[in-house]
Amino acid sequence: MTQQRKLRVVLFSPALNAVSGVSTHVNMLLGSALSRDFDLLHFQVGSEGRKENAAGKLWRMASSPFALAGFLLRHRPDIVHLNTSLDQKAYWRDLVYLLVARLAGRKVLNQIHGGALPQDFFPKSSFLTGVLRRMLLASHAVSVLSSEERKAYRAFDPKINVYLVPNAIEVDDLIDVPRSINRDDPLRLVYVGRLVETKGVFEVVEALTLLKSRGVRFSMKVAGGGPDDAVLREAVSKADLEHEIIFLGPVFGEAKRRLWLESDVFVFPTWHKEGLPYAILEAMAAGCVSVTCPVAAIPDVMRDGIHGVFVPAKNPLMLADALARLDADRDAIAHMAQAGRDRIRAYYTTTRLADDFRRLYREL
């Protein structure tokens, strides 16, 4: 009997070793049980992982559609799985990739990793909004990360074939590690992510200044890098918080794992429309309670007062109040930590992610 060929899927992302949420996502899919059922390939996009000058960048941008056409002719995948977001740079690049894939007769799954909602992407141009609509309708399926996004895409055009597929994480080295309640030591706070204004990092400094003035004891470790690194360090110095806040730089692997497990509260007052942050999932899996804002897909994962605490965006006073309440009620931290772990185990593992895409690939 002739063995049936596996369906072949090509996944788009930056370099697999790049510091990128999309690269993390694609690495999880490549390493999941999907690889048993499908022939998974990778096509690299973007500049991450490449050293190039301006001329090299221009050449890459001009030649990449032809490189993709050649790739599709050589490997003949059944499905092209784009990983994009509704920001200007990714949108125009991936619009070209979608056109190449459709001209090659491939099925296209367009996975949107956050960014603007389609109604808001081209607010001043009905023509460009129409181009966006055609792009989404030309995708055989569109997957989004949050129920808010799914509702918005369906309202934008009911004919868009849109699915909700939330992010997931590898949990084995986090979720079952025993934790003890920190009852007496200063509250152990942590921030993991890009050091950029839209993540609320400057509101954190203001909130901790208020917390210190109230006599609340705490320590905080900041892991990450980004465009506002130097300005943030200066703000910490001006606030006289250099003894309380330690900058670690980017952390990975075992160091990151230990950081989550040794921290009580993840302080993440982001106001960026960023899909579903991996840091929220990692913190919950480790039993580190998140204090964050109800933006993007975060309310799909967390329930206020059950798995973590919501605070309004750009409000240092209410952030300080929330942290003070947690400091005074360490049992609440323990209860939310366990509820968060249970939530991740039930809904946000790579097993669930692989099952979702297995069904979607087969439907395509």
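Are Phe43 and Phe71 buried or exposed? Both residues are buried, and they offer a convenient point of entry into this structure, which is a predicted model.

A pair of aromatic rings is described by the distance of the centres and the angle of the planes. The structure holds 16 aromatic pairs. In one of them, the ring centres of Phe43 and Phe71 are 5.3 Å apart and the planes stand at 70°, so this pair is edge-to-face. The reasoning rests on a cut-off, because planes over 60 degrees apart count as edge-to-face. Phe43 belongs to strand 2 (residues 38-44) and Phe71 to helix 3 (residues 54-75), so the pair ties together parts that are 28 residues apart in sequence. Ring pairs also join Phe43 and Phe71 with Phe12 and Tyr97 into a cluster. Another edge-to-face pair is formed by Trp260 and Phe266, because their ring centres are 5.1 Å apart and their planes lie at 90°. Trp260 and Phe266 are both buried.

Trp260 and Phe266 appear again when the nonpolar cores are considered. The largest nonpolar core has 69 residues, and Leu208, Trp260, Phe266 and Ile344 touch the most other members. The element that gives the most to this core is helix 11 (residues 278-286), with eight residues. The surroundings of Leu208 can be listed: neighbours within four places in sequence aside, Leu208 is in contact with Leu189, Phe218, Met220, Leu241, Ile245 and Leu323. There is also a second, separate core of 30 residues, and Phe12, Leu82, Leu98 and Val162 are among its members. Phe12 is thus a member of this second core and also of the aromatic cluster described above.

Helix 7 shows how a helix can have two distinct sides. An α-helix has 3.6 residues a turn, so residues three or four places apart point the same way. In helix 7 (residues 147-156), the buried residues are Glu149, Ala152, Tyr153 and Phe156. These residues lie on the same side of helix 7, because they cover an arc of only 95° around the axis. Lys151 and Ala155, on the other side of helix 7, are exposed. What covers the buried residues? The covering elements include strand 3 (79-86), strand 4 (107-115), helix 5 (118-121), helix 6 (126-138), strand 5 (141-144) and strand 6 (162-164).

Phe156 also takes part in an arrangement of another kind. The charged end of Arg133 sits over the ring of Phe156, at 4.3 Å from the ring centre. A similar description applies to Trp271, whose ring has the charged end of Lys314 over it, 4.0 Å from the centre.

Polar side chains can be buried as well, and two residues illustrate this point. Ser23 lies in helix 1 (residues 21-30). Because its relative accessibility is 0%, Ser23 counts as buried. A polar atom of the Ser23 side chain lies 2.8 Å from the backbone oxygen of Ala15. Residues up to four places away in sequence not being counted, Ser23 touches Ser13, Pro14, Ala15, Leu16 and Ala18.

The second residue is Arg106, in the loop between helix 4 (88-103) and strand 4. Arg106 has a relative accessible area of 16% and is buried. Its side chain has a polar atom 2.7 Å from the backbone oxygen of Pro77, and the backbone oxygen of Ala104 lies 3.1 Å from a polar atom of that side chain. Neighbours within four places in sequence aside, Arg106 is in contact with Leu72, Arg76, Pro77, Asp78, Val80, Ala101 and His140. The C-alpha atoms of Arg106 and Ile79 are separated by 5.8 Å, although these residues are 27 residues apart along the chain.

Finally, the backbone deserves attention. Most residues other than glycine have a negative phi, and most peptide bonds are trans. Asp240 is not a glycine, yet it has a positive phi of about 60°. Asp240 is found in the loop between helix 9 (229-238) and strand 9 (245-247). With a relative accessible area of 48%, Asp240 is partly exposed. Ala296, which is not a glycine either, has a positive phi of about 50°. Ala296 also lies in a loop, between strand 11 (289-292) and helix 12 (298-301). Unlike the partly exposed Asp240, Ala296 counts as buried, at 12% relative accessibility.

Terms used:
Residues numbered from 1 in each chain as written. Predicted model: local features only at pLDDT ≥ 70, side-chain atom pairs only at ≥ 80, totals over all residues. Heavy atoms only, no water. Buried < 20%, exposed > 50% of the residue type's maximum accessible area, 1.4 Å probe, protein only. Helix = DSSP H or I, 4+ residues; strand = E, 2+ residues; numbered from the N terminus. Arc of directions from axis to C-beta. Contact = heavy atoms within 4.5 Å. Phe/Tyr/Trp six-rings, centres within 6.5 Å; stacked < 30°, edge-to-face > 60°. Lys NZ or Arg CZ within 6 Å of the ring centre and 35° of its normal. Polar contact = N/O pair within 3.5 Å; in protein donor to acceptor, adjacent residues only side chain to side chain. Core = buried A, V, L, I, M, F, W, Y, C linked by side-chain atoms within 4.5 Å.
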